[in-house]
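Thank you all for coming. Before I say anything, please take a moment to look at what is on the screen.

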Amino acid sequence: MMNSGRSNLPCPVLQKCQKQDTARISERTFSSTSTLFNWLAPRRGHTEKNRKGRPRMRTGGSTKGTTVVWGDYGLRMRDHDRRIPAKQLQIAADTIKMKLRGQKYRLYTRVCANIGVYTSGNEVRMGKGKGSFDYWAARVAVSRIVFELKGDLHEQIVRDAFRIAGNKLPGLYEFVRKGDPPVMGITKVEAGTTLEDMQRPRIKLPLNVTAGRIPATTPP
């Protein structure tokens, strides 16, 4: 039987590609999403035009997204909800990596830029449509954790990194640790304020009590 000249041995280039694919799959940048997803742009891409919308403030008793879950320290928004472009989020993440260069740590992101922003050109009259796609953005509600960090680092170093990253982002931010009290709306659920007290409906006071609080020009 004649030999076709082809060997049954695997190709070294194919072996190298398989090893790279295996290493890429085993390495996880974020704990909540795989490496196949990008937190600065949705996987579906630009399919339909999103409405502008507003970030929702959880006032019904939920404290989801206001505490540190995976890391030891976090950066939390504290002034007002807003829409943050993906470019600014990337700049803030790069700032943290630059500040902590050479250290052993792991950075987590708690937001995703999945909202498309559309703009029209200059001197365009009204009624000509919503405009064309410009960039991706993330709706970040008030008291929402944006970044988390875990590693054997000194707290002051992490504070400086988060302070510089907060200066790159719009709004005001605060440094939180793991175990800090959650936030419902804009109120921290800490000592003296419980979740049950905030969920309890307000007590309607009698008229004479509420009327006594109104300032008057003459004494009663």
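I will go through the aromatic pairs and then one glutamate.

Please keep in mind that this is a predicted model. With ring centres required to lie within 6.5 Å, the count comes to six aromatic pairs. Take Tyr73 and Phe175, whose ring centres are 5.4 Å apart with planes at 25 degrees, so that this pair is stacked. The two rings come from distant parts of the chain, since Tyr73 belongs to strand β1, residues 73-77, and Phe175 to strand β7, residues 173-177, with these positions 102 residues apart. Both Tyr73 and Phe175 are buried.

Phe175 also pairs with Phe162, and here the centres are 6.1 Å apart and the planes stand at 45 degrees, so this pair is tilted. Phe162 lies in helix α3, residues 155-168, and is 13 residues from Phe175 in strand β7. With a relative accessibility of 2%, Phe162 counts as buried. Through these ring pairs, Tyr73, Phe162 and Phe175 are linked into a cluster.

Now to the glutamate: what is the relative accessible area of Glu148? The value is 0%, so Glu148 is buried, and its place is in strand β6, residues 145-151. Its side chain reaches the backbone nitrogen of Val69 at 3.0 Å. Leaving aside neighbours within four places in sequence, the residues in contact with Glu148 include Tyr73 and Phe162, both of which I mentioned with the rings, as well as Trp70 and Arg110. As for Trp70 and Arg110 themselves, the charged end of Arg110 sits over the ring of Trp70, 5.4 Å from the ring centre.

Terms used. Residues numbered from 1 in each chain as written. Predicted model: local features only at pLDDT ≥ 70, side-chain atom pairs only at ≥ 80, totals over all residues. Heavy atoms only, no water. Phe/Tyr/Trp six-rings, centres within 6.5 Å; stacked < 30°, edge-to-face > 60°. Helix = DSSP H or I, 4+ residues; strand = E, 2+ residues; numbered from the N terminus. Buried < 20%, exposed > 50% of the residue type's maximum accessible area, 1.4 Å probe, protein only. Lys NZ or Arg CZ within 6 Å of the ring centre and 35° of its normal. Polar contact = N/O pair within 3.5 Å; in protein donor to acceptor, adjacent residues only side chain to side chain. Contact = heavy atoms within 4.5 Å.
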